[in-house]
Amino acid sequence: MLTSSDLPISCMLFDLDGTLVDTAPDLVNALNAVLHQEGLTPYPLDQIRPTVSHGTMAMLNHAFGNSQPEIDFKRRQQVFLDYYLANICVQSQLFTGMSLLLNTLQTKGIPWGVVTNKPHYLTVPLMSALGLVEQASSIVSGDTLSVAKPHPEPLLLAAQQCGINPSACLYIGDAQRDIIAGQRAGMRTVVAQYGYLSAADLVEAWQADFRIQAPIELLRFINGTQA
């Protein structure tokens with residue numbers, strides 16, 4: 001629940017996959033390209049969607065098991081990544097209400113950024129295809145530093161690039177590592193429950209400051225009023 005006592009914020013930072021952008025369709029298509037190459041039945045989107053936030057390895061392990069030989073995993077991973085890079089923004093789009101939120105941030109002069117574990121060579125083409133690179137005050141990818149979430153350093157770097165004290169930043173994500181990273185960085189944290197969560201995700205136990213069902217709820221942090 002968002003309350004007026006927690007307003008306002010001076011910066012919003014977002015996880016990418018499952019928080020800022022609904023990338024699941026294109027990522028599942030990449031997985032299915034691997035399955036097609038191996039003569040296997042493709043997965044429906046809904047079955048793989050909860051796994052997407054955990055990256056390529058988790059998706060391939062879901063499809064082929066955790067004990068697949070390393071040589072097979074590497075080959076499948078390369079097919080996956082090659083396909084995904086070539087088709088990185090075919091069906092991916094901002095979550096409903098996110099465009100209005102970002103436009104409002106821009107209008108009010110509030111910086112925003114992205115902190116993701118997605119590698120730079122995939123992060124920037126995706127955000128560029130969506131017209132977000134010039135809008136964002138910070139883009140920190142999984143390989144920007146030598147550490148990635150749940151380490152707090154990527155979030156602290158983003159706050160620095162935005163010119164905002166971490167305590168005045170809000171970090172929004174759909175995975176436990178996002179909330180841990182935000183807490184370690186001294187930021188207020190929000191679980192994006194519209195993201196790629198599964199029944200196994202015990203969101204209440206993450207002890208985030210807030211939980212939201214849609215991006216539009218974040219407007220309350222900007223407007224300074226309680227819904």
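Here is a walk through this predicted model, from a central strand out to the core, the pocket and one loop residue.

Let's start with strand β6, which covers residues 169-173. It's well tucked away, with 5 of its 5 residues buried. In a regular strand, side chains alternate between the two faces of the sheet. For β6, that puts C169, Y171 and G173 on one side, with L170 and I172 on the other, and both faces are covered.

Now look at what flanks β6. Strand β1, residues 11-14, runs parallel to β6 and is joined to it by 4 bridges. Strand β7, residues 188-192, also runs parallel to β6, again with 4 bridges. I172 is a handy residue to click on here: it is the bridge partner of F14 from β1, and it stands opposite V190 in β7.

From I172 you can hop over to L218, since the two are in contact. Leaving aside neighbours within four places in sequence, L218 also touches M12, F14, L101, L170, V190 and I212. So what does L218 belong to? It's part of the largest nonpolar core, which has 50 residues, and it sits among those with the most contacts inside that core, along with M12, F14, L20, F80 and W112. Helix α1, residues 24-37, gives the most to this core, chipping in 7 residues. There's a second core too, separate from that one, with 16 residues including V140, L157, A159 and I164.

Next, the empty space. Rolling a probe the size of a water molecule over the atoms shows where such space is left. The largest pocket holds about 370 Å³. Which residues lie nearest its centre? Those are H54, G55, T56, N117 and K118, out of 21 that line the pocket. By character, the lining splits into 9 nonpolar, 6 polar and 6 charged residues. Helices α3 (55-64), α4 (70-86) and α8 (176-184) each supply at least two lining residues, and α3 gives the most, with 4.

One last stop is T51, in the loop between α2 (45-48) and α3. Is T51 buried or exposed? T51 counts as buried because its relative accessibility is 14%, and the cut-off for buried is under 20%. To see what T51 is up against, display A58, M59 and H62: leaving aside neighbours within four places in sequence, these are the residues T51 is in contact with.

Key:
Residues numbered from 1 in each chain as written. Predicted model: local features only at pLDDT ≥ 70, side-chain atom pairs only at ≥ 80, totals over all residues. Heavy atoms only, no water. Core = buried A, V, L, I, M, F, W, Y, C linked by side-chain atoms within 4.5 Å. Buried < 20%, exposed > 50% of the residue type's maximum accessible area, 1.4 Å probe, protein only. Contact = heavy atoms within 4.5 Å. 1 Å grid on protein atoms, 1.4 Å probe; cavity = no way out; pocket = protein on both sides within 12 Å on 5 of 7 lines; lining within 4 Å. Points joined across faces, edges and corners; volume = space filled by probe spheres on them. Nonpolar A, V, L, I, M, F, W, Y, C, P; charged D, E, K, R; others polar. Pairing = 2+ DSSP bridges.
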